[in-house]
Amino acid sequence: MQGLMMNYQLTIPTILKRAEQVYSYKKIVTRQPDKSFHEYTYADFVSRAKKLTLALQRLGVQPGERVATFCWNHYRHLEAYFAIPTFGAVLHTLNIRLFPEDLTFIANDANDKVIIIDKILLPLFEKFKNNIQARTFIVISDDGQVPEGMYDYETLLAAENEASFVYPDFDENQASAMCYTSGTTGKPKGVLYSHRAVVLHSMGAALPDVMNLSEIDTVLPVVPMFHANAWGLPYTATMVGAKQVYPGPHLDAVSLLEDFEREKVTLTAGVPTIWLGIIQHLEANPNQFNLTPDMRMVVGGSAAPEGMIRNYDKFNLRVVQAWGMTEMTPLGTMANLPSALKDASDDAKYAYRASQGTPAPMVEIRARGDEGLIPWDGKTMGELEVRGPWIAASYYNAPQGADRFTEDGWFRTGDIVTIDFRGTVKIQDRSKDLIKSGGEWISSVDLENALMAHPKVAEAAVISVFHPKWAERPLAIVVLKQGQSATAEELKDFLMPKFATWWLPDAIEFVDSIPRTATGKFLKTALREQFKEYKVGVS
Ligand code: ADP
């Protein structure tokens, strides 16, 4: 139609092209397996990504086919993030922390043709290699020594001439990448991200009230590139031209702190368990590291305990909570303090920062309770539903997931929330984790966060156990900090002023560790199994 805008396709190659033209001099740093630092420029990165595109085409990969990765966070994984979708193939990041049976299912379900593997992960890969259909394997190694029958990544790149690369044009609604839900609450299901979704997500994530990411930032994604695309950070950071730092396989507290200090990181992102480990190290060694003041630490994946946010503030490090899902590319909401709370009490500010925050532009929210859509009063609970341009419209190849989508086109998140008049979302629980005591809901998340605010508690998970009168009652499972001892009574007294009496856990059990999912969340299904014979309320 005359007078309208150009029909410009929102595709990942447009991000790559801009990186080449505008940010050629910017740096990308990686912690290598041997702990040394590798550094190169965006110009090097783009040139090598182009060569990888050409190499994959030479191996016969066609647009639409899946190329999987089985890798840590590093510069060559970033090359794959761009090279694969750039010629219309689909990047499929395999989660190295899943069991071999899950990986076999996922690689075959996705119909992966080629797999790119870190040499140090070959022993894990061997555990499912013979059960999958893919037969073309490319190994990333630093010494060029790869097992017979597999290709060496660097040899493939060295054989290509980037002058033969041409930026392609294609439809933005084509698939660019795919991930599987990690199966915390069921069998893994595939999600296909379109190019358009990734580009719009990158722009949305960069906005000031979302991740507030720009060229002046130095970004270190701790969140794995094999889980929910490292929350899209590799694409967002490349789009805005930020300096990027990748931790390689070194995710222990000291290595990460060294990376933050050496590279003057201004924004990092990861799950609460990573930050809980780091704060323990900082508290024990307060003067060991000189970190960038106000470094932002985006936390998501499960609820950030308020106590942890407070503790980081003492070190001038700012925890910012985000909520998202694999099905949402993954960003949904972000808790940057709004102007309305500028002069509020500290408690009110922390309460806000411990919420999941407000939805990013283009992420629409609503929540449904027993009586229909809930009012945004900050009190009524309901299941959160979302829609927007970077939210899956269906699962790949998984008809059993169809009930997650409403008839009028919204995605049912499975998270039980309240929403207040400013659109602040507060997750009360996953629907499967809520405790229903005598017909009333108790939020396990609230109890866990309150317990983790106790100075002696390192971790806490709360599950429901059978009760003859109330049907379900909360049981708290607690890991104490090293060298600490505490009684159940002491912890209950600590909770007492914060909750109605009927919310308090009936019992507190102390354990050495809490089982975790592949993505570092408390594995409540395993805890429920472990404590299924547990008796409360029976004398
Ligand atoms: P999985 O479903 O396997 O856990 P995801 O990584 O997609 O895989 O998890 C998304 C879920 O994680 C959300 O539905 C929510 O329950 C939880 N989650 C993510 N971020 C937060 C957060 N900031 N606070 C509380 N829960 C969160």
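Contact here means heavy atoms within 4.5 Å. The model is predicted.

**Exercise 1. Overall form**

Task: Decide how the protein's radius of gyration compares with the globule rule.

Solution:
- Start with the secondary structure: the protein has 16 helices and 26 strands.
- Take the radius of gyration, 23 Å. The globule rule gives 24 Å for 539 residues.
- The two values are close, so the protein is as compact as a globular protein of that length.
- Add the extents. The C-alpha trace spans about 75 × 60 × 50 Å along the principal axes.
- Turn to the contacts between residues at least 6 apart in sequence: 67% of them join residues at least 24 apart.

**Exercise 2. Surface and charge**

Task: State what share of the residues is buried, then describe the accessible surface and the charges.

Solution:
- Of the 539 residues, 57% count as buried.
- The accessible surface comes to about 22500 Å². Carbon and sulfur atoms hold 51% of that surface.
- Count the charged side chains: 54 are positive and 64 are negative.
- Locate the two sets. Their centres lie 1 Å apart.

**Exercise 3. The nonpolar core**

Task: Find which residues of the largest nonpolar core touch the most other members, then list the contacts of Ile115.

Solution:
- Recall the general tendency: in soluble globular proteins, nonpolar side chains tend to be buried together.
- The largest nonpolar core has 174 residues.
- Phe70, Ile115, Phe125, Phe260, Trp275 and Tyr312 touch the most other members.
- Set aside residues up to four places from Ile115 in sequence. Ile115 then touches Ala68, Phe70, Leu94, Phe125, Ile132, Ala134, Thr136, Phe137 and Ile138.
- Cross-check the lists: Phe70 and Phe125 appear among the contacts of Ile115 and among the core residues with the most partners.

**Exercise 4. Three local sites**

Task: Classify Thr41, Gly401 and helix H14 by burial.

Solution:
- Thr41 sits in strand E2, residues 37–41. Its relative accessibility is 19%. Buried means under 20%, so Thr41 counts as buried.
- Beyond neighbours within four places in sequence, Thr41 is in contact with Ser24, Tyr25, Lys26 and Lys27.
- Gly401 lies in the loop between strands E19 and E20. With a relative accessible area of 2%, Gly401 is buried.
- Gly401 touches Lys189 and Tyr395, leaving out residues up to four places away in sequence.
- Gly401 and Lys187 are 214 residues apart in sequence, yet 9.8 Å apart in space, C-alpha to C-alpha.
- Helix H14 covers residues 444–452. Of its 9 residues, 8 are buried, so the helix is largely enclosed by the rest of the structure.
- Among the buried residues of H14 are Glu448 and Asn449, along with Leu447 and Met452.

Note on methods. Residues are numbered from 1 along each chain as its sequence is written. This is a predicted model: local features need pLDDT of at least 70, side-chain atom pairs count only at pLDDT 80 or more; totals for chains, interfaces and linings use all residues. Side-chain values use heavy atoms; hydrogens and water are left out. Helices (H or I, at least four residues) and strands (E, at least two) are DSSP runs, numbered from the N terminus. Buried means under 20% relative accessible area, exposed over 50%, partly exposed in between (1.4 Å probe, protein chains only). A nonpolar core is a set of buried Ala, Val, Leu, Ile, Met, Phe, Trp, Tyr and Cys residues joined through side-chain atoms within 4.5 Å. The radius of gyration is taken over C-alpha atoms; the globule rule is 2.2 Å times the number of residues to the power 0.38. Accessible areas come from the Shrake-Rupley method with a 1.4 Å probe; for residues, only the protein chains shown count as cover. Lys and Arg count as positive and Asp and Glu as negative; His and the chain ends are not counted. The place of a charge is taken as NZ of Lys, CZ of Arg, CG of Asp or CD of Glu.
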